[in-house]
Amino acid sequence: MTALPPNAVIGILGGGQLGRMSALAAARLGYACHVYAPEPDSPGMQVAAHRTVAAYEDREALARFAASVAVVTFEFENVPAAALEALAGLVPCRPGLAALATCQDRVAEKAFLGRIGVPVAPWRAIESEAELQAAVAELGLPAVLKTTRLGYDGRGQAVLRAPEDLAPAFARLAPRPLVLEAFVPFAAEISAIAARGADGAVVVFDPAENRHAHHILDLSFAPARLPAAAADAARVHVAAVAEGLDLVGVVALEMFLLPDGTLLGNEIAPRPHNSGHWTMDACAASQFEQHIRAVVGLPLADPARHHDAVMRNLIGPEGMEAWPRLVATRGVVPHLYGKASARPGRKIGHATRLLPMGSLAGLTDAEALKGL
């Protein structure tokens, strides 16, 4: 395809921080963004050239939005598929509906990973409490019961540790079917991010090692400190996801590193990902720039790092309290998302510590986190 010319307008469904950082990357490349979201003062709208405040179910507003843009993308995978379906008949949408539908449903997602050869933990789809009892008898405890849709940052899931946990968890979680996953005794959580261009070219960023606190990503270390074979496998897996989804844009694959050095695929995000925020400061082209390049048809950039990096999420009041110190710390690059309040558990920004290339592998966690 021919790349969109400078000053073309990119439509973004969703006004969160991922839309904000995508819009900033688009502006650097000479493109304007039109953000569509229900919230009037969302982070993305603060930096967008054009804004539509409307419900995702508003067909008339969606039609006006489509007429004002050259291409549409989305910044979170829980945007209603019906909204993207309505837009797809009016304007190019990248990634498309198929990628969104696959990643919105954990049953479809796990079946897809199996088809493309990415191993996953044993799992079962659960429609009834009787099926849950049978699946637990087969997979054992502990296990994790999850909703198929709308789960993120630990929402929509329950860890089952004893037989008496089953009935309350099944009653609480919806919609059905649910997914039961065997508990994975992992050594580390990692993620890899790939970009796939409109021409089918794929580039992959170095995998990151992730740490969570209260089910929310706390830290990402890049590059991940893991065996070279595992890092290579992570790159292969995420590239297979991008190609298997026929995706144009950026996709992240979260994985578990097992004690024997093998990987299991966990979840897919067909958009820029929190664990890739370090690319904004440690790479010449960030995950957000790669996403915009793909969406508008530009060639993808070199994903190589020029620094090692450690990224920390800034969460809630504690994150806001840390802001003055982070702004004053050399070697730390802080980012705030413009959110009106710092509620507990809310991501309000992130900060990245830049380190010399190759130095992270030799540092303890305390040394790597100095200044963060």
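**Cavity and sheet in a predicted model**

About 30 Å³ of space lies in the largest cavity of this predicted model.

Reader: How many cavities of 30 Å³ or more does the structure hold?

Author: The cut-off for this count is 30 Å³ or more. The largest cavity holds about 30 Å³ of space. At that cut-off, the number of cavities in the structure is one.

Reader: Which strand gives the largest share of the lining of the largest cavity?

Author: The lining is made up of S191, A192, I193, F205, D206, A208, S275, G276 and W278. Three residues of the lining come from one strand, covering residues 188-196. That strand, with the largest share, is β9.

Reader: How do the residues of that lining divide into nonpolar, polar and charged?

Author: Among the lining residues are I193, D206 and G276. By class, the lining of the largest cavity has one charged residue, three polar and, as for nonpolar, five.

Reader: Why is one side of β3 and of β4 left without a neighbour in the sheet?

Author: Four strands form an open sheet with parallel pairing, in the order β3-β2-β1-β4. β3 (50-53) and β4 (71-74) stand at its edges, so one side of each lacks a neighbour, as each has a single partner strand.

Reader: What is the average twist from one strand to the next?

Author: The strands concerned are those of the open sheet β3-β2-β1-β4. From one strand to the next, the twist averages 20°.

Reader: Which residue in β3 does Y36 stand opposite?

Author: Strand β2 covers residues 32-37 and runs parallel to β3, joined to it by four bridges. Opposite Y36, in β3, stands T52.

Conventions: Residues are numbered from 1 along each chain as its sequence is written. This is a predicted model: local features need pLDDT of at least 70, side-chain atom pairs count only at pLDDT 80 or more; totals for chains, interfaces and linings use all residues. Side-chain values use heavy atoms; hydrogens and water are left out. On a 1 Å grid over the protein atoms alone, a cavity is a set of points where a 1.4 Å probe fits but cannot get out, and a pocket is an open set with protein on both sides within 12 Å along at least five of seven lines; lining residues have an atom within 4 Å of a point. Grid points are joined across faces, edges and corners, and a volume is the space filled by probe spheres set on the points. Helices (H or I, at least four residues) and strands (E, at least two) are DSSP runs, numbered from the N terminus. Ala, Val, Leu, Ile, Met, Phe, Trp, Tyr, Cys and Pro count as nonpolar, Asp, Glu, Lys and Arg as charged, and the others, Gly among them, as polar. Two strands pair if DSSP finds at least two bridges between them. Axes are lines fitted to C-alpha atoms, for helices over the stretch in contact, and angles run from 0 to 180 degrees between N-to-C directions.
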